[in-house]
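Colleague: I should be grateful for a close look at one part of this model, namely the packing of its helices. Please begin with a single pair of helices and then place that pair in its surroundings.

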Amino acid sequence: MTALLEIIGLGKRYGATEALANINLKLEKPAAIGLVGKNGAGKTTLLSILSGALRPNTGSVSIMGETPESIATTGKLNILPQDATFKKGISVNKQLLLFARLQGMSKTEARQAVLELLSELGDASFANKPPENLSYGQRKRLGIVQAFLGKPQLVILDEPTAGLDPVVANG
């Protein structure tokens, strides 16, 4: 069985600064894992390498048997950057439908997936608004919805709860 994610001897330097050194990780089956560390520890650098946005100086990364930048991971891997942005002036719903279609869904599948995820989110009140009219927390939730479109096999979230209000149960 091919691992969902395999990192071997990964290293990244920025000039004289070593951001990552000899990172090894193998994720063979779905699991929720977290990277915890102080600011500057290299967490976002690692996620940027996993997304294909950065290349390591040493080591290798395999995502479902493919390199991070491989087109073969389309629809299988979704990544939510820490500060994901959305196009101004276009409703949240239209953007989510586009993202779903880019995942290979039909129009009908895309509509259904967007409705289901917004429903699970518990707040679809902002679906017809452009993102610039949303609060920071609503934009974060929008990013989380986007990351789970298409039922990906691997979802990578960078600081997914930053800026979100805690859920408070009524009593």
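Modeller: In helix H2, the residues Val92, Leu96 and Phe99 meet Leu142, Val145 and Gln146 of helix H4. Sorted by character, the residues of this contact of H2 with H4 comprise five nonpolar, one polar and no charged. Please bear in mind that the model is a predicted one.

The geometry of this pair can now be described. H2 covers residues 92-102 and H4 covers residues 136-147; the two pack at an angle of about 25°, and their axes are 10 Å apart. Angles under 35 degrees count as roughly parallel, and H2 and H4 are therefore roughly parallel to each other. Their crossing is right-handed.

H2 also packs against helix H3, which comprises residues 107-121. Here the angle is about 125° and the axes are 9 Å apart. An angle that is neither under 35 nor over 145 degrees, and that falls outside 65 to 115, counts as oblique; H2 and H3 are therefore oblique to each other. The crossing of H2 with H3 is right-handed. On the H2 side the contact involves Asn93, Leu96, Leu97, Ala100 and Arg101, and on the H3 side Lys107, Ala110, Arg111, Val114 and Leu118. The residues of this contact divide into six nonpolar, one polar and three charged. Leu96 is thus listed in the contact with H4 and also in the contact with H3.

Two individual residues of these helices deserve attention. Leucine 102 belongs to helix H2. Its relative accessibility is 57%, and because exposed means over 50%, leucine 102 counts as exposed. The C-alpha atom of leucine 102 is separated by 22 Å from that of leucine 47, and the two residues are 55 residues apart along the chain. Lysine 140, by contrast, has its place in helix H4. With a relative accessible area of 7%, lysine 140 is buried, since buried means under 20%. Leaving aside residues up to four places away in sequence, lysine 140 touches Gln82, Asp158, Glu159, Pro160, Ala162 and Leu164.

Leucine 47 leads to another helix. It is one of the buried residues of H1, a group that also includes Lys43, Thr45, Leu46, Ser48, Ile49 and Leu50. H1 is mostly covered, with seven of its nine residues buried. What do these buried residues of H1 pack against? Their partners are strand S1 (5-14), strand S2 (17-27), S3, S4 and strand S5 (154-157). Just after H1, glycine 52 takes a positive phi of about 90°.

A positive phi also occurs at two residues that are not glycine. Most residues other than glycine have a negative phi. Asparagine 22 has a positive phi of about 50° although it is not a glycine. Asparagine 22 is part of strand S2 and is exposed, with a relative accessible area of 57%. Methionine 64 likewise has a positive phi, near 50°. Methionine 64 sits in the loop between S3 and S4 and is buried, with a relative accessible area of 15%.

The loops on either side of S3 also contribute to one of the salt bridges. Glutamate 69 pairs with arginine 55, and the closest N and O atoms are 3.4 Å apart. This pair links distant parts of the chain: glutamate 69 lies in the loop between strand S3 (58-63) and strand S4 (77-80), whereas arginine 55 lies in the loop between helix H1 (43-51) and S3, 14 residues apart. Glutamate 69 counts as partly exposed at 43% relative accessibility, while arginine 55 is exposed, with a relative accessible area of 57%.

How many salt bridges does the structure hold? There are three. In another of them, the side chains of arginine 13 and glutamate 18 meet at 3.6 Å, N to O; arginine 13 is partly exposed, with a relative accessible area of 38%. A further salt bridge joins glutamate 28 to lysine 26, with the closest N and O atoms 3.4 Å apart. Glutamate 28 counts as partly exposed at 45% relative accessibility, and lysine 26 is partly exposed as well, with a relative accessible area of 48%.

Conventions
Residues numbered from 1 in each chain as written. Predicted model: local features only at pLDDT ≥ 70, side-chain atom pairs only at ≥ 80, totals over all residues. Heavy atoms only, no water. Axes fitted to C-alpha atoms, helices over the stretch in contact; angles between N-to-C directions. Helix = DSSP H or I, 4+ residues; strand = E, 2+ residues; numbered from the N terminus. Left-handed = near helix turned anticlockwise from the far one by under 90°. Contact = heavy atoms within 4.5 Å. Nonpolar A, V, L, I, M, F, W, Y, C, P; charged D, E, K, R; others polar. Salt bridge = Lys/Arg side-chain N within 4 Å of Asp/Glu carboxyl O. Buried < 20%, exposed > 50% of the residue type's maximum accessible area, 1.4 Å probe, protein only.
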